[in-house]
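Me: I would like to learn how to read a protein model feature by feature, taking the general idea before the particular case. Could we work through one together?

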Amino acid sequence: MTDDPRDLLRSYLRQRAELGEAELVLDRLSAAELQALLAEQKTAPAPRLVPPSDARREPAADPRRESAPDPRRESSPNPRRESGPPAEGPEKVEVHVRGGAPVPGTVPHPPSPRAPAAYVSAEEISSLPILADVREIALGCPRCGLARTRTHVVFGEGRENADVMVVGEAPGQDEDRSGRPFVGRAGRLLDLVLMSAGFPREDVYICNVLKCRPPQNRNPQPDEVSACSPYLLKQIELVQPRVILAFGTFAAQTLLGTDVSIGKLRGRTHQYQGVPLVPTYHPAACLRHPAWVRSVWEDVQRARDVLDAS
Ligand code: SF4
């Protein structure tokens, strides 16, 4: 395991080449850029693989970023999402990146899970002025039955004025234990795909539709999505991203208010209340279907293009 960007890139390219998809990252990466990347110092910031011609606003210092609590207990095996082995077939993609280490610059989560606190209405959540207040309420949320089975509430983390907001489905086993979103193998794949488009993880805001893990990683239920939506809507309102990347069926369908499949939604840019929204497959699905990684990469590049053009 390593967090050296050079090792990560080498490992990733080797694995993709073994899968016959070596062109995945290299489509927009010149030899000179690759050499420059591999020559980076270990302590250098995450590499940017596209020309620095974009006009993204410079993120301000972030004094209040969400972070990681201690693990507490084991959960049941994960048949579907980023934690644990895929539901079917052998593991086809191995991603050895960062190993779930805290995102640079983040501060630790509270060390222990919290017991459910008092019920807070959607209206009250909607009126909260800052993310720290929303997070504080969410960490003790009893608004749906998942409060009884979670270890940690996985509120989200990242730059609070991020241009890019990543929205996934729900925490998996690793996320439930750590309190952080996308820290399993799927999360490491997400990091690489984001990085390939010039979106280092520390520059984006990452959260899920559901803040608590569904038991056995079953699909989110409509009442759970409804109960948890106020948090996501408030996160989007406060972060004010310039583009939203919706990973997976539930994120895309929830934000777009549709039951159209992700396979039909992806490949074009939608709108969420005036914000460009790019849907794509969930990274966990890519671990089971490596051929989908290319589609995800293309969709993330689309988000890059949307951002560059705005
Ligand atoms: S999933 Fe959302 S609504 Fe349900 S208990 Fe967790 S934070 Fe509250």
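Reply: What follows is a short tour of this predicted model, moving from the overall makeup to single residues.

Me: How many helices and strands make up the secondary structure of the protein?

Reply: The protein comes to 12 helices and six strands. Of its 310 residues, 47% count as buried, and among contacts between residues at least 6 apart in sequence, 78% join residues at least 24 apart.

Me: In what order do the six strands stand in the sheet, and which of them are at its edges?

Reply: For a sheet, one reads the strand order, then the pairing, then the edges. Here the six strands form an open sheet in the order 1-3-2-4-6-5, with mixed pairing. Strand 1 (157-158) and strand 5 (270-272) each have a single partner strand, so one side of each is left without a neighbour in the sheet. Strand 5 pairs with strand 6 (residues 275-280) in the antiparallel sense over three bridges, and Gln271 stands opposite Pro276 in strand 6.

Me: Which helices lie across these strands, and at what angles do they run?

Reply: Helix 9 (residues 249-256) lies across strand 2 (164-168), strand 4, strand 5 and strand 6, and it runs at about 130° to strand 4. Helix 12 (residues 292-309) lies across strand 2, strand 4 and strand 6, running at about 170° to strand 6.

Me: Which residues touch the most other members of the largest nonpolar core?

Reply: The general idea is that in soluble globular proteins nonpolar side chains tend to be buried together. In this model the largest nonpolar core has 65 residues, of which Val164, Met165, Val167, Val204, Ile244, Leu245 and Ala246 touch the most other members. Helix 7 (residues 185-196) gives the most to this core, with seven residues. Ile244 shows how such contacts can be followed through the chain: leaving aside its neighbours within four places in sequence, Ile244 is in contact with Met165, Val167, Leu255, Tyr272, Val275 and Leu277.

Me: Which residues come nearest to the ligand, and how does the shell divide by residue type?

Reply: For a ligand shell, one asks which residues are nearest and then what kinds they are. Of the 13 residues around the ligand, Cys141, Arg143, Cys144, Cys212 and Cys228 come nearest. The shell divides into 10 nonpolar, no polar and three charged residues, and helix 8 gives the most to it, with three residues.

Me: Where are Asn217 and Gln240 found, and is each of them buried or partly exposed?

Reply: Here the backbone angle, the location and the burial are read together. Asn217 has a phi near 60°, a positive value in a residue other than glycine, and is found in the loop between strand 3 (205-208) and helix 8 (222-239). Because 24 C-beta neighbours lie inside 10 Å, Asn217 counts as buried. Gln240, which is not a glycine either, has a positive phi of about 55° and is found in the loop between helix 8 and strand 4 (243-247). Gln240 has 13 C-beta neighbours inside 10 Å and therefore counts as partly exposed.

Me: Which residues is Ser295 in contact with, once its neighbours within four places in sequence are left aside?

Reply: Ser295, placed in helix 12, is in contact with Arg266, Thr280 and Tyr281 on that basis. The C-alpha atoms of Ser295 and Tyr281 are separated by 7.7 Å, although the two residues are 14 apart along the chain. With 17 other C-beta atoms within 10 Å, Ser295 is partly exposed.

Conventions
Residues are numbered from 1 along each chain as its sequence is written. This is a predicted model: local features need pLDDT of at least 70, side-chain atom pairs count only at pLDDT 80 or more; totals for chains, interfaces and linings use all residues. Helices (H or I, at least four residues) and strands (E, at least two) are DSSP runs, numbered from the N terminus. A residue is buried if 20 or more other C-beta atoms lie within 10 Å of its own, exposed if 12 or fewer, and partly exposed in between; C-beta atoms are placed from the backbone. A residue is near a molecule or strand if its C-beta atom, placed from the backbone, lies within 6 Å of it. Ala, Val, Leu, Ile, Met, Phe, Trp, Tyr, Cys and Pro count as nonpolar, Asp, Glu, Lys and Arg as charged, and the others, Gly among them, as polar. Two strands pair if DSSP finds at least two bridges between them. Two residues are in contact if their C-beta atoms, placed from the backbone, lie within 7 Å. Axes are lines fitted to C-alpha atoms, for helices over the stretch in contact, and angles run from 0 to 180 degrees between N-to-C directions. A nonpolar core is a set of buried Ala, Val, Leu, Ile, Met, Phe, Trp, Tyr and Cys residues joined through C-beta atoms within 7 Å.
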